[in-house]
Amino acid sequence: MRPFDYLAPTDAATAVRTVATNPTATYLAGGTNLVDHLKLGITHPDLLVDTAAITTAGITDHHGGLLIGAATRNSDIAADHRVRTRYPALAEALLSGASGQLRNMATAAGNPLQRTRCPYFQDATTPCNKRRPGSGCAAIGGHTRGHAILGASDHCVATHPSDMAVALTALDATLHILGPDGPRTLPCTDLHRLPGTDPTRDTVLEHGDLITAIELPHNPLARRSRYRKVRDRASYAFALVSVAAALETTDGIITDARLAFGGVAHKPWRAYRAEQALLGQPANDTTYRTAAEAELTDAQPLNGLDGGNSFKVPLLTRTVIATLRNLDQR
Amino acid sequence: MDHHRRVDTEITTRVDGVTRTVLVDTRTTLLDALRERLGTTSPKKGCDHGQCGACTVLLDGRRVLACLTLAVTTTGKDVTTADGLAPDGHLHPVQQAFLDNDALQCGYCTPGQVCSAVGALDELANGHPSHAGDVTTDPQLTRAEIAERMSGNLCRCGTYTNIITAVEQAARA
Amino acid sequence: MNAIGQDIPRRDGHAKVTGNATYAYETDVDNAAYCALLQATIAKGHITEIDITDALALPGVLTILTPGDVQKLAHVDNPELAVLQDNHIAYRGQIIGAVIADTSEIARHATELIHLSYHVDDHDSAFTADRDDLHTPKALVTGAPADTTTGDVDTAMRTAPHTIDHTYSTATNHNNPLEPHATTALWQDDTLVLWDSTQGVHAVRTDLAEVLRLRPDQVRVICPYVGGGFGAKGEPHAHVVIAALAARALPCRPVRLALTRAQMFTLVGYRPPTVQHTRLAADDTGALTAIAITSTSPTSAMREYVEHAAAPTRMMYAAPNRATRHRLAALDIAVPTWMRAPGECPGMFGPEVAIDELATALGIDPIDLRVANEPEVDPETGKPFSSRNLVACLRQGADRFGWADRAPRREGDWLVGTGVAAAVFPAFTNRATASIRYERGHYVVEIGAADLGTGAWTVLPQIAADALGVPLHLVDIGIGDTTYPYASVAGGSTGTATWGSAVLVAAETFRDKFGTDPTEGDEAEGSHDTGPFNEHYSTYAFGAQFAEVRVHADTAEIRVPRLLGVFAAGRIINPRTARSQFTGGMTMGLSMALHETSSLDPRFGHVINHDLAEYHIASCADATDVQAYWIDEEDPHVNPLGAKGIGEIGIVGTAAAIVNAAHHATGVRVRDLPLTLDKLLPGLP
């Protein structure tokens, strides 16, 4: 790990200017991903700017929804009764991620910004276009069990690891951002990007942008939401696939739905096509299967050393069916 | 880049009830500050990447991983290790329960398990939900709840069944 | 009252629950320096240039060790220990340098400032069992031949009414003790002190003295506590030599070296994968007419290691026609080593699943099928077993587990099934000496043994107390120091039996010499020697593993809500620590069954999932109900103590029981470990 300076500013605007004007500066929040990456030699900042004193912790009522301060710990979000009852998918997503200790450290803003767990990205001795542009993608032709089936490119097949971000994407959350040009908002669905030819960038945020809060909009549908994560270990493991879903039915007919997938793409995958396929249809396994398959028509599983990741297609389909069935029966 | 610059910083932190001032590198983790600079070796380094839980300490009363916490961020904070849970050698109920149920073998993950259990029981008492239960209702003290909440602490010797029993015993004590 | 057999809490328990037990890296030394390793990023070739100018210029860097720039080491059998002797690279990750600095941050940083150029040779790291360059090892680690044949398996297979002929495989597993390998080294007054995390202080002293060209009395190795080893700390690896060289470069200054978790996937061994072509032939009653296995594994071109997975098939079941073979592929990869129950652990996977497959094919209960094939004598040697209580383990386990009425069922979203497998592990002993000294009314037992969590701190005093006929609290114990008498490595489940037997002899000698009223300072030694205690018998521990498995009907997620084992392992010294040994092994077996696989990428030559987030070991939520029981067994033929060793048998057969249970639950037969959901998914409705 290379040496770096450390600043703990108390004024957000100054901090944003500091980072925005210094390409080697980066924000430090919970540190659970950044400190890991410093040790792995994935990133080499010259300056860490601590966000502890420039972001707030806490959840407030906001236009019928909730506003989650950027510094709010993951465990505190999941423990909040308003979140648990009005946005259960978000609480479930948070609780299905990491461990109790990590959830006590990781922040609301930091969680969606965590970077891929692709083992080649994390091993600085192997090629990786995300880590070292132009060096190649070692995952292609390598171990791809955890990799993408949707939206990947020849340059990168990594998946996004956050559970929380999948729930936020399904629940139409909005980010409050302070940038060098002042505050703005950004829908969570637009935060993450596909790798394309530039996998170095995970999100559309500009250098210096500081997430200050996450807004959960008022939506009764979110009360009937849940997050279903499928993983290899019973706990403390990243998703093979995950589904955040919300479902509203009237007389057995689906009237509204939200669906997002994790573990299958470079970003939390909002399944708009599947949502469309659900609307107006009877709430049953056939409908759910048709919807999942509609979303997965473009799926491109990867070959790989241990048999690749083609299992994710049927696994995700079956997980969608199980999750929606479970929601309907709730 | 100037590789030669020194980035030493003085921090003052309460460790197991004693205020300690120590010079650290900005790169120094809380774990390395404790183990290599303060001689507090109760928290263990098992992976150094937040993947095993052996370095678990209580920071201002909450369980966190010392290996992913930069020491410079801990000034003015309160750190409790498993050693600090047993002032004058008088064991905490969780530690006693670990002994009673042989919830340890090699002992390397044990201080982290103990701190984690103390934090987990506190979270449970405060009504924090877990993946093992329904988030819309209050959590209950069950073996499944304990197992889920203790899953951030790996034990390669495989003492999990005894750890669950120990934590359950401590919770009911 | 006898101390042996009593449920005694661990003597080291208090120190461990508070974290005050000091492990190697934590040794309280003044002014420690820190050592960080530099590793090769090619799999084969040599270094053409190494430039340490920038690294040396970094303030705080004390010295840098590079190839060819260190002491010429003595040639020893283990090429792993010949560190930095030349520029050659035999596997990716090999140590090619080390930085010693004032702080660990500076040492690690400096390794990034060393500039390297390589000449890269083509490497070959891809293991398959059908390579055309497989070779037959000269012998197994036990000295047994690589291949054995009795009768004619091929003919039996052709003529039998029922046959099983499948290939099973186990994955590469890394031992991954929670404590990374670590050494604190101090060179002072022509003496080297190593506080090393090891399963055997004397083995480290012997090897290090030899390679460093020192007299053994110039090397002291200390290790009171070991944070797990499971074989990976069974002998010194390269980093211990590096630590010693670093200390020598900085006389009078202690040097600390701990491996990173990632380095543990390269530098300290692993269980190689096995591909097990397994064949069974049986008559209509289930009696085996043939049993055969060929086990193929990779090894390192640098140093041969044979995973003797075909060995247990030689003695497990009766059959007139038998064949076992071992084959190896020597590759440009890191060096494998022992991992908990080497040979038996992987070797009781394929055959025990095959037996289950045969039972299913015949419609016979798998317990009854095993009972029907009990041999009267050891089929390998023709000798009687000193004790063989496999059937009792199976029967008692069936009762305790609730094996009867085991029809597969569905509970909610979960498909539920049960499975069984047998376990076996050889019982042998090694060489050790113990001393007993009378001091201030206490008997001080000293022996250079190790406690890896196995309970040596606790059980050796129990043995001594009974042998001396004194209350347990009057026995003090010292282990983990080469100033204590020689003791064998804690490995092969030989520790307690070996060291305990030495303690028995020492106690007897002590009483013979000094009677029951000794005076201050009276001291006696006693030894136990390697070799069969009674060569007329074949000596093994046995066990039966039972598993309940639940498979999610939609997602194929796999859970093991219950594991139950019953073992016959001779005399149990301390039921508390023994139970933990058994259940710990079973839990590691569960982990092997469901999770563990090191993904080697042959394009690079190294394991790519080299951390604990990607290399999964079981978490607490995976193993919530693991129970162990045992048969009271008196076996006077194994050793003076009558104990067979319990550290390893718990992991044997567990994976087979789980895979068999998953088949019972789903009807899907998985023959390749680990049992992950993607392997079950295609077979679910």
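**Exercise 1. Find the partner of A:R325 in a salt bridge, and give the closest N and O distance.**

Solution. Apply the rule: a side-chain nitrogen of Lys or Arg must lie within 4 Å of a carboxyl oxygen of Asp or Glu. The partner is C:D554. The closest N and O atoms are 3.0 Å apart. Now widen the view: the rule finds four salt bridges across the interface of chain C and chain A.

A note on the basis. This is a predicted model, where local features need pLDDT of at least 70, side-chain atom pairs count only at pLDDT 80 or more, and totals for chains, interfaces and linings use all residues. Side-chain values use heavy atoms, without hydrogens and water, residues are numbered from 1 along each chain as its sequence is written, and chains are lettered from A and ligands numbered from 1 in the order in which they are written.

**Exercise 2. Describe the interface of chain C and chain A by its buried area and its residues.**

Solution. Start with the area, meaning the accessible area (1.4 Å probe) that two parts lose on being put together, summed over both. About 2,900 Å² is buried between chain C and chain A. Carbon and sulfur atoms give 52% of that. In chain C, the residues losing the most area to chain A are C:D554, C:I608 and C:H616, together 18% of what that side buries.

Next, count residues in contact (heavy atoms within 4.5 Å). Chain C gives 36 residues and chain A gives 38.

Last, sort the side of chain C that touches chain A. It has 14 nonpolar, 11 polar and 11 charged residues. Here Ala, Val, Leu, Ile, Met, Phe, Trp, Tyr, Cys and Pro count as nonpolar, Asp, Glu, Lys and Arg as charged, and the others, Gly among them, as polar.

**Exercise 3. Classify the aromatic pair C:Y540 and C:F542, then the pair C:F582 and C:W630.**

Solution. Ring centres of Phe, Tyr and Trp (its six-membered ring) must lie within 6.5 Å; planes under 30 degrees apart are stacked, over 60 edge-to-face, the rest tilted. Over all chains, the count is 17 aromatic pairs.

C:Y540 and C:F542 stand 6.3 Å centre to centre, with 50° between the planes: tilted. Check burial (under 20% relative accessible area, 1.4 Å probe, protein chains only). C:Y540 is buried at 12%, and C:F542 is buried at 0%.

For C:F582 and C:W630, the centres are 5.8 Å apart and the planes at 40°, so this pair is tilted. Both C:F582 and C:W630 are buried.

Key: Buried means under 20% relative accessible area, exposed over 50%, partly exposed in between (1.4 Å probe, protein chains only).
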